[in-house]
Amino acid sequence: GWSSSGPAPGAFPFYLGLLVTGASVGTLVQTLIKGRDPEAVFVTATQLRRLASFVGPMILFLMTTYLLGLYVATALYIAGVMWLQGSYRLPVAIAGGTATAVFFYLVLELAFQVPLLKGPLENALGLT
C-alpha cells in the first residue's frame, strides 16, 4: 500500500511479483492455445554451454559469498569473469574485481550504512 511518504515497505516487491505472475500466466495461456511443436528443440548444445558459462560462475559466487564474505566473493567473481570470459589480462581483471569490491564497500557500508555479509578477511581487517 501507500503511506504518507509514498509506497509502504513491500509495495514494490508485491507489484513486481504481480507483473511477473501476469507475464507467466500470459505465456502459459499462449502456449496452451498455440500448442507446442513436438519436433522443436528446447535448447541447443551451444545455448546450453552459454547458459552454463553464466550460471556456473554465479553458483560459485554464491558459495564463495557464504565462505569468504560478499566483498571477497565479488572481487573474485568480477576478476574471474573478466579474465575467463572477457579475455582481459589477469592484472587488469584483478584490478577490476578489487575496484568493484572497494566501490561497493564504500557506497553500501560507508555511504548508505547497509551492513552486508562479511567473511574472515573483512573481520581480520576490522571492517565489521
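**Entry 1: K118**

I began with the side chain of K118, which makes a polar contact with the side chain of E109 at 2.9 Å; by polar contact I mean a pair of N or O atoms within 3.5 Å, where within protein one must be able to donate a hydrogen and the other to accept it, and where residues adjacent in sequence count only if both atoms are side-chain atoms. I note here that this is a predicted model, in which local features need pLDDT of at least 70 and side-chain atom pairs count only at pLDDT 80 or more, while totals for chains, interfaces and linings use all residues. Residues are numbered from 1 along each chain as its sequence is written, and side-chain values use heavy atoms, with hydrogens and water left out.

I then found a polar atom of the K118 side chain 3.1 Å from the backbone oxygen of L116. K118 sits in the loop between α4 (90-111) and α5 (120-124), the helices being DSSP runs of H or I with at least four residues (strands would be E, at least two), numbered from the N terminus. Is K118 buried or exposed? Its relative accessible area is 19%, so I entered K118 as buried, the classes being buried under 20% relative accessible area, exposed over 50% and partly exposed in between, with a 1.4 Å probe and protein chains only. Leaving aside residues up to four places away in sequence, K118 touches G69, E109, N123, L127 and T128, a contact being heavy atoms within 4.5 Å.

**Entry 2: α2 and its end**

G69, one of the residues that K118 touches, comes just after α2 and takes a positive phi of about 100 degrees. For α2 itself I compared the span with expectation: the end C-alpha atoms are 33 Å apart, which agrees with the 34 Å that its 24 residues should span at 1.5 Å a residue, where the expected span is 1.5 Å times one less than the number of residues. The buried residues of α2 are F61, T64 and T65, and what covers them includes α3.

Also in α2 I looked up Q47, whose side chain reaches the backbone nitrogen of T44 at 2.9 Å. Q47 has 43% relative accessibility and therefore counts as partly exposed.

**Entry 3: α3 and the aromatic pairs**

Helix α3 covers residues 70-84, and its 15 residues reach 21 Å from first C-alpha to last, close to the 21 Å expected. I listed its buried residues as Y71, V72, A73, T74, A75, Y77, A79 and M82, and their cover includes α2 (45-68), α4 and α5.

How many aromatic pairs does the structure hold? I recorded four, a pair being rings of Phe, Tyr or Trp (its six-membered ring) with centres within 6.5 Å, stacked if the planes are under 30 degrees apart, edge-to-face if over 60 and tilted for the rest. One of them is F61 with Y77, a tilted pair at 5.3 Å centre to centre with 50 degrees between the planes. This pair links distant parts of the chain, with F61 in helix α2 and Y77 in helix α3, 16 residues apart, and both F61 and Y77 are buried. The rings of F103 and F104 have centres 6.1 Å apart and planes at 50 degrees, so I entered that pair as tilted too. F104 is partly exposed, with a relative accessible area of 35%.

**Entry 4: the largest pocket**

I next looked up the largest pocket, which holds about 240 Å³ of space. On a 1 Å grid over the protein atoms alone, a pocket is an open set of points with protein on both sides within 12 Å along at least five of seven lines, whereas a cavity is a set where a 1.4 Å probe fits but cannot get out; lining residues have an atom within 4 Å of a point. Grid points are joined across faces, edges and corners, and the volume is the space filled by probe spheres set on the points. Among the lining residues I noted Y71, V72, A75, T98, Y105, L121 and L127, and α3, α4 and α5 each supply at least two residues of the lining.

**Entry 5: loops with positive phi**

S87, in the loop between α3 and α4, has a positive phi of about 60 degrees although it is not a glycine, and at 63% relative accessibility S87 counts as exposed. Q113, in the loop between α4 and α5, is likewise not a glycine yet has a positive phi of about 55 degrees; Q113 is exposed, with a relative accessible area of 65%.
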